[in-house]
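Here is a small set of exercises to work through with the model open beside you. Try each task before you read its solution.

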Amino acid sequence: MCGRQSDFVNTMNGEASFSSMAPPTFGGESYRIWAIRMQAYLEALHLWEAVEDEYIIAPLPNNPTMAQIKNHQERKIRKSKAKACLFVVVSSIVFTRIMSLRSAKEVWDY
């Protein structure tokens, strides 16, 4: 998920994990620059699809397979993580404007 810069020292197989890098913060200025950086950050975390596409998570069928359950859960988690990342990277002023939005796509589009 959205890591902190202090966590950057954590390593995975001898290399720093990208997900532990601090995401860019948006305080209300230079939106275009922030948006490009944030999109790259979310793409690297495999969360951009949840922001870009307002995909619907269909209910599980009766007697779902383990693969269907896993896929369903991953898609739900990806949407939640993307929204949480967007909430974390904005100032309190910006957050008060977006906190009632229901999806990562709605937050991004706002």
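**Exercise 1. Decide whether Asn63 is buried or exposed, and describe its backbone.**

Step 1: Asn63 sits in the loop between helix 2 and helix 3; helices are DSSP runs of H or I with at least four residues, strands are runs of E with at least two, and both are numbered from the N terminus.
Step 2: Asn63 counts as exposed because its relative accessibility is 75%. The classes are buried for under 20% relative accessible area, exposed for over 50%, and partly exposed in between, with a 1.4 Å probe and protein chains only.
Step 3: Asn63 is not a glycine, yet has a positive phi of about 55°.
Step 4: Look at Ser30 too, in the loop between strand 2 (15-16) and helix 1. Its phi is near 55°, again a positive value in a residue other than glycine.

Before you go on, note that this is a predicted model, in which local features need pLDDT of at least 70 and side-chain atom pairs count only at pLDDT 80 or more, while totals for chains, interfaces and linings use all residues. Residues are numbered from 1 along each chain as its sequence is written, and side-chain values use heavy atoms, with hydrogens and water left out.

**Exercise 2. Outline the fold of the protein chain.**

Step 1: Count the elements: there are five helices and two strands.
Step 2: Put them in sequence order, and the pattern reads β-β-α-α-α-α-α.
Step 3: Turn to burial: 30% of the 110 residues count as buried.
Step 4: For the surface, the chain exposes about 7700 Å², with 53% supplied by carbon and sulfur atoms; accessible areas come from the Shrake-Rupley method with a 1.4 Å probe, and for residues only the protein chains shown count as cover.
Step 5: Take the contacts (heavy atoms within 4.5 Å) between residues at least 6 apart in sequence: 47% of them join residues at least 24 apart.

**Exercise 3. Find which residues of the largest nonpolar core touch the most other members.**

Step 1: Fix the term: a nonpolar core is a set of buried Ala, Val, Leu, Ile, Met, Phe, Trp, Tyr and Cys residues joined through side-chain atoms within 4.5 Å.
Step 2: The largest core has 24 residues, and Trp34, Met38, Leu42, Val51, Leu86 and Trp108 touch the most other members.
Step 3: Two or more residues each come from helix 1, helix 2 (48-52), helix 3, helix 4 and helix 5. Helix 1 gives the most, with five residues.
Step 4: Follow Trp108 outward. Leaving aside neighbours within four places in sequence, Trp108 contacts Tyr31, Trp34, Ala35, Met38, Gln39, Trp48, Val51 and Leu86.

**Exercise 4. Describe the largest pocket and say which residues line it.**

Step 1: On a 1 Å grid over the protein atoms alone, a pocket is an open set of points where a 1.4 Å probe fits, with protein on both sides within 12 Å along at least five of seven lines; lining residues have an atom within 4 Å of a point.
Step 2: The largest pocket has a volume of about 190 Å³, the volume being the space filled by probe spheres set on the points, which are joined across faces, edges and corners.
Step 3: Its lining residues include Phe26, Tyr31, Trp34, Leu86, Arg97 and Trp108.
Step 4: Helix 4 gives the largest share of the lining, three residues.
Step 5: By type, the lining divides into 10 nonpolar, one polar and one charged. Here Ala, Val, Leu, Ile, Met, Phe, Trp, Tyr, Cys and Pro count as nonpolar, Asp, Glu, Lys and Arg as charged, and the others, Gly among them, as polar.

**Exercise 5. Place Lys105 and His72, and list what each contacts beyond four places in sequence.**

Step 1: Lys105 is in helix 5 and is partly exposed, with a relative accessible area of 23%.
Step 2: The contacts of Lys105, leaving aside neighbours within four places, are Ala50, Val51, Glu52, Asp53 and Glu54.
Step 3: Lys105 and Ala50 are 55 residues apart in sequence, while their C-alpha atoms are 7.1 Å apart.
Step 4: His72 belongs to helix 3 (residues 66-88) and is buried, because its relative accessible area is 17%.
Step 5: With neighbours within four places set aside, His72 contacts Ile57, Ala58, Pro59 and Leu60.
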